[in-house]
Every structure is written in structure tokens, then in C-alpha cells.
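Reader: Could you take me through one part of this model slowly? I'd like a close look at the metal site and what sits around it in the chain, and then whatever else helps to place it.

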Amino acid sequence: MFKTGKRKEMFSKRDGSVGAEIIVQDLVWILASLAPKDPKFANKVRTLGCVRTMHLIFKGHYTDNKLIFPLLVILKQLAKNSVTTAILIRDGVVTTYERVLVSLGFMPTARLRLCLDAIDYFSKNKVCCMQIVKTGLCSVLLRVFDRWDRYEGRIRLKICAHILRTLQHLCNIKAGRRSLCTKKHVQTLHRFCSQCPDEPEFDGLLARVCSVITLCLKHQALPVPASSPALFNLNPILKGTNTTWPCHEDDEDGANSDSKTINSDLEDDGPDPELDLEATDEYSDLDLNDGDKLESTEGEVEKSHRLKSDSIQSAMFFNPNERDIEDLKRYFCFFKEFGSYNKQVRLVKSRSNSRESILKDFLQCQINKNGLSSLNLSLTPECDSIFPIMAGPLQSSTLFQTCNKINESTSTSSCSFLKIHKDLSKFSSFALVYCTIASRVRSVIPFVKVAFPDMIGGQGLAHPEPLNKMERSACRVKLLSCVDRAISPEAYMNEVVYDLDQLNSLAGVSDNSAPKSTESIFLSNTDEEEITKLNNFSTRLSFESRFESGNLRKAIQIGPREYELILMPDVNSTKRHQWFYFEVRNMIQGRPYVFNIVNCEKSDSQFNFGMKPVMYSVKEAVLGRPGWVRAGTDICYYRNSYHYASPRSHNKCYLTVTFNIEFPHTNDVVYLAYHFPFTYSMMMTKLWQRSLQLPPNAYLRAEPLCYSLNNNEVPLLTISADDTPTNPIADREIIFLTARVHPGESNASWVMDGTLSCLLGDTDVAASLRAKYVFKIVPMLNVEGVINGCHRCGLTNEDLNRRWSKPSPVLHPSIYHTKGLIEYLVRVWKKPPLVYCDYHGHSRKKNVFFYGCAGAESWCGSDRNVPDEPVKYLMLPALMHRISPAFALGSCSFRVERERESTARVTVWRHLGVTRSYTMEATFCGFDRGPFKGFHLNTQHLQSVGSDFCEALNGLNDTATSDDIQLTKDLNGNITEISLNGEAVNSAIAVDSEPGSGSDSVLRTDSDEDFD
Ligand SMILES: [Zn+2]
């Protein structure tokens, strides 16, 4: 190509001459055939300085029938590149395109399509959007769109898709929304909604039109105050400490990053992968890479910035502020099974051949500090005074008492030292114990009752339940009614039937600084009596959620049997809505009620991929069929027109999950939830029950590890077999398990329940496990979150699984002390846990799987340089693959990502050197592989996973070599085959997910917080 100067000269001198015209024609055709094939085309045109020249030729020839087509091809390639786009826009390309469009005359030709395609690309630029509005191109586009029904076949879909995408881009700017929001334009768009053919390939377009309409209409605020009705005053806790809250701005964290493409099932199998429904404020993520030089230099700058911040972060991660060893030694009182303090000292001494035992200086130090005359440190009252922080914000004497009760012998003391279990009768029913315990729990919003399902154990019915099949036409109807309601809200009912904010203010609850009277109220449940009362025929449902883990904030009746529901954000937060749990009554049997939960935040949900919510009917339970069941039809998930509360994200709208429920009985009391609830009180009740029925020789100790910020106990469980001379407890390996750091992941608690019932069971496997190991278990890391119906956080509005590298003893006591226990084992007891596993729930993927840590797959170069021992971290997944039918080996990942450095899994692996450090993820939804393929998951599956995990632990041995376990990876980097002990394991079922559930593999790369 020539230099611009020369070229211009050529044109000015020879313009009009026939010879030059022919040369130009030939050149344009040659370039047009090169352009689509050369990924660096735009880049080359720009380096040669010919971008404006191309525009000049385009301007001069768009009416030329011979040249218009190749010119459109070339311009489209230039439009794909963000830098050449910017040059062209400055050069007035939008005006040119407006003229081209008018001259093309709206005929459905390839030219029109090319033209719209380029505009679609250009409109990713906000300056371009401004120009589209100013030049009136916007109206031209809508005129083309209005003729959609005159086009046919694929070109019709393409034309509509390009225009709608451009309109979505326009919605990113205020002027764009204003220009679209005229009566005429909204009518045009709405006409498409009501007339477009009822065929699957139009679903994507329909969803896009609806999104444009809801985006350009004036966004409404949710009809609730911005802040949560659940407010917890942290000042009394922070007083006198130098801790500040919030630790850092959490606004931009992964929890709400909504920056990925939405793949709605509406179009999951659609013909055109381009027809995806990306939300319009997210186009920055669409790929604009054309191998452009400028972009790559920008990329390098960015990279070097990243490297710099990497090293800062590395410094933070790799040189964590280790706890002072003296401070750590105080955790000895949580390891009473190893004997008294003196005995622990002796044992460590005898294990380490070193003459200077680490504990020796501790003793010396204590003598100096406290003037203790002797070394009599055997768990005496000093225990309390040397560890005041363990008692949490309100000093408790429990620990003191606990310490006093324990003597040197560990042989017989198997019981609970939890305050919440105090004075419970051995002979009470589960329900009575549950109510007593629930009444002792401190909540942020006062509770009025206990929920019936939790009170009687909350199991799911064990029959197989197929995954939901998306009903296209039903979803269309829902989507359209959402748009209709946004266009004309006055046509709908608007009766508030439940309002937690109001109930709260009536109850005079402001914050926790006022003394609480809740502890004196005995919480119970009268649902059973109420369903026998005479029917009262009300025209509306009534709601309640003031019970443990409940979180309905507002219910608004918008139609005879349709309700809009708003969920409560996490405590002290304005966001993180996903989990839900509430009660409904006054229903009529056999008629569909529509529930729309309108403040969901995740850009996609398993509700679009087969998941149904769960329902519990009290009448069914009374009739002898107690249990949670999957329920609901016409389920779908889409964006609505309620904008976010935070002023910074006013342009961002919430999503709706909608489902219809036909209740099994009239005048029933029914509970609806996101997943099978598992409350704090349920955990404590089940623990109480188990502590009463221990098998022979089993050792169980339940004690408070610390107190939560609202002064509830965080229990620590120790499970093993009694100490014997032939099998001394101090010689056993330690397994450390934790669960429920994320309160919305109740599935994690059900898996833990399975683990506990296996470990405390009267079976050979259980006896063998207890004899082999000492289990240290913190079954609920985030008790406050669970109690108060939070989804992701606790009382501090922080994700506790992002606080492991530097937990605060004041704000994150459960993390601080759990980490402290593991650190004690590693640095004082000198015996790291054999396995650490943190149980979670996963809302995007199906099945059950692990995340582990492989140095070779770390983001950090220094990890990759250290040789790994894959046999160590692969053996447990391989065993699970053999044992557990719910387990999907192919979904496991051993990547160590930078943004996961402060999770339990990575911190325990990196800081504390535990090779087998895992997150176990259990789906909320169901299975797409194995024997349960196509079915929902229930509580029995989850419990089995928990016991299967125990069985896998039982099979763990350290003698296997890397020859025994081999893995191969498929093209996607998924593990597909493992041979264990030289024996090939069937790899056919190890494939992650079949093509039909492609969404999951697309979402796999998402930096969503669901990864632990
Ligand atoms: Zn989680």
C-alpha cells in the first residue's frame, strides 16, 4: 500500500480519469477479499495510515453498485478493531453510514446486513452512540427494524440481531435511552414482542428486545429502603481495638461482578452464537482484539502494572504475618485429647529430637510473665486468663468451666461443653430440643417462630426428581408480562402484603446497642394446629420469614395470584441476594400462583438450567409424607427494570427468578426456599442428639471455639476413638474439616451432616476412621450469616472466605481461631493435618467436585518451579471418583488462582503447608453425569457425599507412588482419566458435562465467586 500523502495526491490529480477508477476498483476488490482472512488487516491499514483514505473512498462510492459491496466488507473489518473504529468515528463515519443506509433502501440484502453489522461494532464505542443519536441514525435503524416481518430466513435473524445489539449499546448512554424511549420507538419494539413468531430461533431476539425496552424505560428503584433492615452495630465491638470496619471497600469484589456474557437457555441451542444476551453495560468484555499493535502495547503496560501489583500481593501472601508462637501455644487447650498441657509438651519433645523444645521457652516465658511458681499449667483457670480473646466480645466463663472439667485422662469425656446445650433433657423430642436451642440463639432481627421443616429435621423426600425442562412459551409469556409491567405499572395491582422493614420498625428494633429481650421469648411452631382450623378464604397469600435463615423482605401482590418478592440483603449490606427462605399461607389448592423474586444479582442462574426451588408442605407432613420436594413450573431467570440501589451502579438492573407453584392443599402452611435449609439450631440439635448416642469407644468433644460477633457459640468438634496404650491418640493423623463459610450454601451443611453421622456411626468404617484419625471439625464457620438469612457474608458484610490470609481476631473470630488451630498443629504440635477440606455449595455447576492446589497450576511462577507430588493431592479425588456416584472427577480443578489466595483452601496450602487442601463443592441443582444424570439432588445425596468422603479418607494411604495415579487431561484441560494403583478407572463417566449443558463449560472460566 502507499503512503497517505502520495495517495491523496494521486486522487486529486487523476480523479475522474477512467484508468484511476479501474485501479481503485481492482484494489478495493483485492482488499475486500484479503480483509476477512487477515486477522491483522485493520492493524495494517492503520499502520499504513490509510484508515481515513478508506473512509474517503467509501464516502465517494457508496452509491456505486460495483464498489459498495467490497467497501462494506472492508469497513466492517475496520469496525471490528477498537482503534480504527475510533479513527473512523472522529472522521464522521456515522454520518456516512446513515446516508448509506438510506440509499440502500431497506432491502434485505447482504449489503444491508454488512452495513448493520459494522454499525453494531461501531456502537461499542460510546462516542459513536452519541453520534448515532445526534445524526438520527437511531431512527433509521428503528425504521429498518420495524420492517422485520418483510425479511425472511437467516438474514432476518441477522438483521434484527445487529440492530438490537446496537440499541442495547445505545442504552448505555443517557441520550441513547432518551432517544429510544419515545412512544413511537417503544411501540415499534413492543410490536415485535407481541408479533414475533413462536419459534425457538426468535427467543434470543425476543429476550433482547425485552432487555432494550426495560433498559430504556425509566429505571425504577426497588420499593424498599436502600440499606438492609438487618443492621448490626459494630462499634461496641470495635471500641478499644485498633480494628476498623470496613477493612476495605468491598464494592467491586467478585461477588457482584456481573461482567460476563449472559447465556440464557432461551437461546442456548440457538443457531447463532452471536445472539447472546449480554447485558448492555457489559460490552467492554466483548472481544475487540484484532491483534492490534497499539492494544498490545497497552496490554504490555497493563501487564507490567499487574506484575508490580503481583509482587506487592505476593509479598502479602507469601510473607503473611505469622502469629507469634507464644500466642499460638495457647491453643493447646483445644487439643485436650492429646492430654494436659504438660503431656503435650512431653509428646512434642519426644517427637522432635531437638533438645530445645519449642514449648520449653513458652514455659519459661509464662514464668517470667505471670510469675507462676511451678510448671503446673495443666488446663487450670489460667486458661481463661491467657486466652481472653477466645471468649469473644462478651466475656464468657464457659471456656473456663470447660477447661476445669477436663482432666488429664482423655478416656471417658465424650460430651458437649456448649453453653447452648446446657440443661437440655436427654428425653426431650427433637422438636422440643430444637425450639429450646432456637430460643437461645441471638439474632439481629427478632424471630417470631421456628420454621416447621427445621423443627422436625428438614430432610428432603427421597424419591428421584427430574430436572426442570425449560418451557419456552411459558418463559416468553413471563418475559412479556415483565415488559408490560415496566411500560404500564398502573395496570397492575400493587398491594403490599408483607413488609419486614415496617414490622421491624413497629417492633422498635434499631440496632443491637439496645438490650435485647428476645432471649426470654420461647420460640415454637403452631403450624400443625393452624392447618386444622376452619378454612379462611382470603384472596391473598400471607407471608412470614422472621425465623432462622429466613430472609423475605417484602411481598407485593401484583395480580390475583401473582406476587413480587424482594429478598433481604445480607446484614449491614445492600446486596448479595440469592438465598431465599420464607413461609406462605392462605392458598387455594390446584391453582398456579406466580412468584417473581425481583432483586437477584447473579447474571445467570441454575434456574435457567433445570433447577427448581424447594417446597415443604406442613399438611403433607401431617399426612405422613414429611419432606422438602422440588417444586415449580414455568421457571426462568431474566433481567428486569429495577435498578441497583448503589448510586454508582444506577444503570445496572436486577434479575428476576420467576416460578409458578401449585400448592398441594388449601389452607396449608408451606415453606419455599432456594435450597434445603439447614439452620444453626438444626446443627446444634443434631449435635446434641449425636452426643447422646455415641457408639462404644467413640470419642466426641464439642466445645466453643469462639463466639460470633453477636455472641453465639462457634462450635469445634473433636472426634476420634478413645486413647489406648496400643493405639495412642497422639500418634494418629489429624483430619481438619470446615463448612458453611458461605451461609447461602446450605448444601455444605447437609454434606457435613453426612460426614458427622458417618464418623459417629456404629459401623466398621466409622470405627476404623476413628481409630486411625483425630477429626477436628468446625461445622459452621459463619454462624451469624446462617442465623440471619444471609447469602454470602456475616455481620461485617465481608466474604469470610476472602479473609484467610489475614483474618482479624475482632471482626472474623471464627476464621482467626480456625486458622490458629491449624497453625498450632503445624508450628507447635509439629504435625500438619493430613487433609484439610472446606465444604461449599456451587450455584453454577452440576454434580459434586473438588478444588485442590497444584503448584504446577499456580498463577505464581515460584510455585511452578517447585516439583509437585501429584499423587498426594490426586488420591482423594481418585478415591471419591470410585466411591461416590455423585462425584464428577472431570469438574475438579487444581488451579491456584491469584484471586483465591485468601481462601481457606489456598491459605492452608500455602501458608500452612498442607498438601491436601481442598474445597468440596456440591451443586444446588442436580446431576448431568453418572447414575443420577438428569435428576435433582436431594438431602440424601448430599449426606451420602459426606459419608463417601469419609470412606475415601479411610482409603487414603501415604505409600502410593506417582506411578499408581496417573491422570490425563483433555483439550479443555479437564481431568478425564485417572488410574489408581495401576488399575484403569472407567473414564467414560468422568467427562465433565455433555454438550447440552454447554452453559456450564462456558461459565467455567467465569471469575465468579462460586469458586470456593
Ligand atoms: Zn462457597
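Author: Let's start with a yardstick for helices: the expected span of a helix is 1.5 Å times one less than its number of residues. Keep in mind that this is a predicted model. Helix H29 has 14 residues and reaches 20 Å from its first C-alpha to its last, close to the 20 Å expected. H29 is also mostly covered, with 13 of its 14 residues buried.

Now for the metal. What are the protein donors of the zinc ion? They are His-742 through ND1, Glu-745 through OE, listed twice, and His-840 through ND1, lying 2.1 to 2.3 Å from the zinc ion. Along the chain, these donors follow the spacing H-x2-E-x94-H. Glu-745 and His-840 link distant parts of the chain, 95 residues apart: Glu-745 is in the loop between strand S16 (733–739) and helix H29 (746–759), while His-840 belongs to strand S18 (residues 835–842).

Why is the arrangement irregular? The 4 donor atoms subtend angles of 58 to 149° around the zinc ion, and a tetrahedral label would need all angles between 85 and 135 degrees. As for cover, Glu-745 counts as buried because its relative accessibility is 4%, under the 20% cut-off. His-840 is buried too, at 1%.

Back to H29, since a salt bridge ends there. Lys-686 and Asp-753 meet through their side chains at 3.0 Å, N to O. This pair also ties together distant parts of the chain, with Lys-686 in helix H28 (residues 680–692) and Asp-753 in H29, 67 residues apart. Both Lys-686 and Asp-753 are buried. Elsewhere, salt bridges with shared partners join Lys-336, Glu-337, Arg-701, Glu-703 and Lys-776 into one network.

The whole structure has 35 salt bridges, so here are two others. Glu-564 bridges to Arg-485, with the closest N and O atoms 2.7 Å apart. Glu-564 is in strand S6 (residues 562–567) and Arg-485 in helix H24 (residues 472–487), so 79 residues separate them. Glu-564 and Arg-485 are both buried. Then there's Arg-323 with Asp-327, where the closest N and O atoms are 2.8 Å apart. Arg-323 is buried at 11% relative accessible area, and Asp-327 is buried at 16%.

For the wider setting, look at the open sheet. Its 5 strands run in the order S4-S7-S13-S9-S10, with antiparallel pairing. Strands S4 (542–544) and S10 (629–630) stand at the edges with a single partner strand each, so one side of each has no neighbour in the sheet. Further in, S9 (residues 614–617) and S13 (residues 669–673) pair over 4 bridges. Ser-617 has Val-670 in S13 as its bridge partner.

Last, the rings. There are 41 aromatic pairs in the structure. One of them is Tyr-331 with Phe-334, a tilted pair at 6.2 Å centre to centre and 40° between the planes. Phe-332 and Tyr-341 form an edge-to-face pair, because their planes stand at 70°, with the centres 4.5 Å apart. Tyr-331 is buried at 0% relative accessible area, Phe-334 at 1%, Phe-332 at 4% and Tyr-341 at 1%. Ring pairs also link a cluster whose members include Phe-543, Tyr-563, Phe-580, Tyr-674 and Phe-924.

Technical notes. Residues are numbered from 1 along each chain as its sequence is written. This is a predicted model: local features need pLDDT of at least 70, side-chain atom pairs count only at pLDDT 80 or more; totals for chains, interfaces and linings use all residues. Side-chain values use heavy atoms; hydrogens and water are left out. Donors are N, O and S atoms within 2.8 Å of the metal (3.2 Å for Na, K and Ca); water is not among the atoms, so sites may look incomplete. Four donors count as tetrahedral if all angles lie between 85 and 135 degrees; four count as square planar and six as octahedral if opposite donors are over 155 degrees apart and all others between 65 and 115; anything else is irregular. Helices (H or I, at least four residues) and strands (E, at least two) are DSSP runs, numbered from the N terminus. Buried means under 20% relative accessible area, exposed over 50%, partly exposed in between (1.4 Å probe, protein chains only). Two strands pair if DSSP finds at least two bridges between them. A salt bridge is a side-chain nitrogen of Lys or Arg within 4 Å of a carboxyl oxygen of Asp or Glu. Rings of Phe, Tyr and Trp (its six-membered ring) pair if their centres lie within 6.5 Å; planes under 30 degrees apart count as stacked, over 60 as edge-to-face and the rest as tilted.
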